[in-house]
Structures are given as C-alpha cells and as structure tokens.
Amino acid sequence: MTMTSTYTVTGMTCGHCVSSVSEEVGAVAGVTDVTVDLASGLLTVETDGRADDAAIVAAVREAGYDVAGVS
C-alpha cells in the first residue's frame, strides 16, 4: 500500500539543500519516492507504509533543516 505525505521544510536556500534533503529522506527504510520543491519548501514522500513521520522528520533534521508542518 503506497502512502503519500507532504512536509514543509524550512531553511532550504539552494539546489544543494534540495539534494541533501532528498538523499537523507530517500535513505529511510520504506521510502519509495522523494520530491522536494525549493521554492515552496514542500517535501513530498511516497512510502510503502513502513516509514513513519518521525523517521522522515529525523532524516530532514539530519540533513540540517527543520520541518514546519506535515499534511
């Protein structure tokens, strides 16, 4: 079962930021697709149901950014 969640990431200012977030979140077990939009700060994550919000938020923080909201 594929699940999609959207997060608002704060602090990203460039393409390197996008790459860092994509790489960290993409390494979370259960994540199948990651899309990051620099202009809006939106992070869209598709999972196979095994990844939870806490793991995604932890990965964003590991990349050096913060999550302002989850939808």
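1. In this predicted model, strands β2 and β3 run antiparallel and are joined by six bridges. One bridge on this edge sets V31 opposite T47 of β3. The two strands form a hairpin with four residues between them. Within that turn, G41 has a positive phi of about 80°.

2. Strand β3 also pairs with β1, which comprises residues 3-10. This second pairing is likewise antiparallel and involves six bridges. Among its contacts, T4 has E46 of β3 as its bridge partner.

3. The side chains of β3 alternate along the strand. L43, V45 and T47 point to one face and are buried, while L42, T44 and E46 point to the other face and are not buried. In a regular strand, side chains alternate between the two faces of the sheet. Two residues already named can be placed accordingly: T47, the bridge partner of V31, belongs to the buried set, whereas E46, the bridge partner of T4, does not.

4. Helix α1 covers residues 15-26. Its 12 residues, at 1.5 Å a residue, should span 16 Å, and the C-alpha atoms at its ends are 16 Å apart, so the expected and modelled spans agree.

5. Which residues of α1 are buried? They are C17, V18, S20, V21 and V25. Viewed down the helix axis, these buried residues fall within an arc of 165°, and they therefore line one face of α1. H16 and E23, on the other side of the helix, are exposed.

6. The buried residues of α1 are covered by elements that include β2 (31-37), β3 (42-47) and α2 (53-62). Strands β2 and β3, the partners in the hairpin, are thus both listed in the cover of this helix because each includes atoms in contact with its buried residues, contact being heavy atoms within 4.5 Å.

7. The cysteines merit a separate remark. The structure holds zero disulfides. C14 takes part in none, and the nearest cysteine sulfur to its own, that of C17, lies 3.5 Å away. A disulfide would require the two sulfur atoms to be within 2.5 Å, so the separation of 3.5 Å between C17 and C14 is too far for a bond.

8. Are C14 and C17 buried or exposed? C14 has 31% relative accessibility and therefore counts as partly exposed. C17 counts as buried because its relative accessibility is 5%, and C17 is one of the buried residues of α1.

Notes: Residues numbered from 1 in each chain as written. Predicted model: local features only at pLDDT ≥ 70, side-chain atom pairs only at ≥ 80, totals over all residues. Heavy atoms only, no water. Expected span 1.5 Å × (residues − 1). Buried < 20%, exposed > 50% of the residue type's maximum accessible area, 1.4 Å probe, protein only. Arc of directions from axis to C-beta. Pairing = 2+ DSSP bridges.
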